[in-house]
Amino acid sequence: MQQTSHWHRLETADQVASAACQHILKAAGQAIAEHGKFKLVLAGGSTPEKVYGLLAQADADWANWVIYYGDERCLPADDADRNSMIACRTLLDKVAIPANQIFTIAAELGNEQAATAYRPIVASALPFDMVMLGVGEDGHTASLFPGHVHNEDELVHAVYDSPKAPPMRVSISAKALSDTRGLMFLITGSNKREIVKAWHAGQALPVTTITPEHPVDIYIDSAAEA
Ligand code: 6PG
């Protein structure tokens, strides 16, 4: 399926975060009204931290939010560089989402064991309501990296030799990430400018393998826009 996209061009990273936060809160209200829950996949890395901080200040129906992670780094569970630790520090420790509705990837067990354990969780979740994703300078997203070959039918991959530390990771697959009602990419900073140019030029990248039925929303600041 071809990726279609809506580009939301904003001046600053703060404006990107604010717009993305409002988009997520609106999607949450719609999902909860329609089926009682808001199934949200969190992005890793640093870009979403501003969004998480704004969400933490929002008034939302947290009791009906369900949290998943797009990927996780194989580090100890309490390592500050874990995507789960970043999400807890900036959002999850500050809002009343029931603990049994937060599905952490047990990446401390190793990539294969953690991926195996997360597959039924993802299978039960699909379709997601909103997926948040970042974009790496090489066009990776979640822990789907250029040149890496995966079984495309898998819902969750064990990742080896990641070019972005740590080398071992767990990632929800392109297939599963694409099975969602809404999806947004968050892109800020001049270091993403080159990969955005390649994206606009139609280069095949991991980010372009994410192809939900509905257009993806790309929130980007002026520093990153080609
Ligand atoms: C990770 C993320 C990764 C991230 C991009 C962008 O575990 O690192 O899942 O896919 O989203 O590398 O990272 P920044 O937002 O820090 O630029």
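## Ligand contacts

A polar side-chain atom of Ser46 is placed 2.7 Å from an oxygen atom of the ligand in this predicted model. Thr47 makes a comparable approach through its side chain, where an N or O atom lies 2.6 Å from a ligand oxygen atom. The side chain of Arg73 also takes part, with an N or O atom 2.8 Å from an oxygen atom of the ligand. On its own the ligand has 420 Å² of accessible area, and the protein covers 92% of that area.

## The shell around the ligand

The ligand is surrounded by 15 residues. Ser46, Thr47, Asp71, His140 and Ala142 are the closest of these. By class, the shell consists of eight polar, five charged and two nonpolar residues. Ser46 and Thr47 therefore appear both among the closest residues and in the side-chain contacts described above.

## The largest pocket

The largest pocket has a volume of about 410 Å³. Its lining comprises 19 residues, and those nearest the centre of the pocket are Leu144, Glu152, His157, Ala174 and Thr209. Nonpolar and polar residues contribute eight each to this lining, and charged residues contribute three.

## Cysteines

The number of disulfides in the model is zero. A disulfide is a covalent bond between the sulfur atoms of two cysteines. For Cys21, the closest cysteine sulfur belongs to Cys88 and is 18 Å away, so the separation is too great for a bond. Cys88 is likewise in no disulfide, the nearest cysteine sulfur being that of Cys74, at 17 Å. A pair would have to lie within 2.5 Å to be counted.

Cys21 is also classed as buried, because its relative accessibility is 4%, and the cut-off for that class is under 20%.

Conventions: Residues numbered from 1 in each chain as written. Predicted model: local features only at pLDDT ≥ 70, side-chain atom pairs only at ≥ 80, totals over all residues. Heavy atoms only, no water. 1 Å grid on protein atoms, 1.4 Å probe; cavity = no way out; pocket = protein on both sides within 12 Å on 5 of 7 lines; lining within 4 Å. Points joined across faces, edges and corners; volume = space filled by probe spheres on them. Nonpolar A, V, L, I, M, F, W, Y, C, P; charged D, E, K, R; others polar. Near = heavy atom within 4 Å. Polar contact = N/O pair within 3.5 Å; in protein donor to acceptor, adjacent residues only side chain to side chain. Areas by Shrake-Rupley, 256 points an atom, 1.4 Å probe, with all protein chains shown as cover. Buried < 20%, exposed > 50% of the residue type's maximum accessible area, 1.4 Å probe, protein only.
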